[in-house]
Each structure stands twice: as structure tokens, then as C-alpha cells.
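This report describes a chain by way of its loops, its sheet and its nonpolar cores. Please consult the sequence and the structure below while reading.

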Amino acid sequence: MRIRRPRLLARLATAAAVLAVLAGCAPAAAPPAEPAADDGRPLVAFYGDSYTLGTGASDLSLRWSTQLAELRGWREFNPSVNGLGFINNRRSFADDDLPALIIAQQPDIVIITMGLNDAFSFDRAGAAIEQQIDADFERLTTALPDARFVVVEPFWYRPDRPESHLTVIRWVQEAAERYDLPYIAGASTWIAGAPELMAADGLHPNDEGYALMLRNMDAALAELGL
């Protein structure tokens, strides 16, 4: 049966939109990333993607990073970007990328939550992903020798984790070990396969999902003595 051109174009547009969302590139309105004025509280910087930006929350004040900072009396700097990976959706590796923005703030604490989106680039850029994980860790730790770092296992959203994602998890953990950085294991399972914790798009956490991430993150940080 012959498919009419308008219907075919509509299907192609729909498929493209789905792929964009799967890569975490759905647009989201984000508050200014600049932290509050220095008032003596520690400054925490978050290096992450849409799950740290807060995509899917009814209000970005309900994302786990903001709630965590408030709970612990920290100032927040969160320049996280939808769809960002160590390689995926990354357009810069220089003075204007997220590591550069974080370094410029000279934070007291850096929490790295990257890697989810690299699973979507793994087939074409696996070697580059592994190299960039190491490069980012070296760059951040060298530029911020007095900061406390925490590396979080890359988040995930489906009950099954593809081999590409498991490999990125392993690379992130190995890099954390090389640079002697505290590592939070198990984060990829926190909301995976729980539709009641997902927003309407089925891909990002909802308010309840972010609340669970907050509780788990707070408990994990307490175990690390932070």
C-alpha cells in the first residue's frame, strides 16, 4: 500500500521528536544559573543533564539539586543542560563549556551527575566518551584542588539498562577511583522502571521522582560524611 506524502512526513516528524526527547534534548525553561550572593554558605556546583536541570518538575524549585542545597544550607550553581553528556550534545570543550563555568565559580563542592545521555552516542563515539570522562575529571580536579567532589552513578529511566549505559557507568566509576573521588553507586536504579515517578513524557522525573532522588542523594551524601 502506498503511503501518502503528507502522512509520511507527519510520521517522520513524530519519530524525530521522539528521538530528540529520548536524547534528553526537550527544551525546558531554566532559572538563571548564577548562584546567590556570597553570604558565607558553601557553594555547591552541579555538573549534569536534564535530570539535574529539573526537566519534568512542575516547578524547578522542586528539582532535587535545589531542594538538596536548601536542605543543607548551601548556595546552588546549576548550569546543567538538557541532553548533555560527556560527548552527547556537547558543542564545546573549552572556555565556555560547563566545566569552565563551574571552575569560574570556584565552588566548595562539585557534584557530577553526567553520563545518561552518552548511552545514545555510544555506538558512534564510545572511545571519545571514555576519554572525555577522564579529561573532564582531570580538568575539574586540577583547577579546583580544594573543592570536595562527589561523582554520582549516571541516572537512568527504564527498567532495563542497555549495555552501552552499563559501560558508561563503569567508565565513570573507574574515573572516580583514579582521581580518588567519592562515588555514589546505584543511582541508575532510583527511579528506573517506576512510571508513577515519571512526568507525562515518560522520560523525566516528576515531582515525586525528584523527591525520591532528593531523599536518596541526601542519604548517600550523609554516608560519605558530607
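Leu181 is located in the loop that links helix H6 (163–178) to strand E5; helices (H or I, at least four residues) and strands (E, at least two) are DSSP runs, numbered from the N terminus. The model is a predicted one, in which local features need pLDDT of at least 70, side-chain atom pairs count only at pLDDT 80 or more, and totals for chains, interfaces and linings use all residues. Residues are numbered from 1 along each chain as its sequence is written, and side-chain values use heavy atoms, with hydrogens and water left out.

Leu181 has a relative accessibility of 13% and therefore counts as buried; buried means under 20% relative accessible area, exposed over 50%, and partly exposed in between (1.4 Å probe, protein chains only). Residues up to four places away in sequence aside, Leu181 touches Phe137, Thr141, Phe149, Val151 and Ala176, where contact means heavy atoms within 4.5 Å. Phe137 is 44 residues from Leu181 along the chain, and their C-alpha atoms are separated by 9.4 Å.

Two loop residues other than glycine have a positive phi, as tabulated here.

| Residue | Loop | Phi | Relative accessible area |
|---|---|---|---|
| Asn89 | between E2 and H4 | about 60° | 22%, partly exposed |
| Asp180 | between H6 and E5 | near 55° | 69%, exposed |

The five strands form an open sheet with parallel pairing, in the order E2-E1-E3-E4-E5; two strands pair if DSSP finds at least two bridges between them. Strands E2 (75–77) and E5 (183–184) are at the edges with a single partner strand each, so one side of each has no neighbour in the sheet. Strand E3 (residues 109–112) runs parallel to strand E4 (residues 148–152), and four bridges join them. Within this pair, Ile109 stands opposite Arg148 in E4.

In the largest nonpolar core, which has 33 residues, those touching the most other members are Trp64, Leu68, Trp74, Ile111, Phe155, Met217 and Leu221. A nonpolar core is a set of buried Ala, Val, Leu, Ile, Met, Phe, Trp, Tyr and Cys residues joined through side-chain atoms within 4.5 Å. Two or more residues of this core come from each of E1, helix H3 (64–72), E3, E4 and helix H7 (207–223). H7 gives the most, with seven residues. Another core, of 30 residues, lies apart from this one and includes Leu43, Leu98, Ile112 and Leu181.
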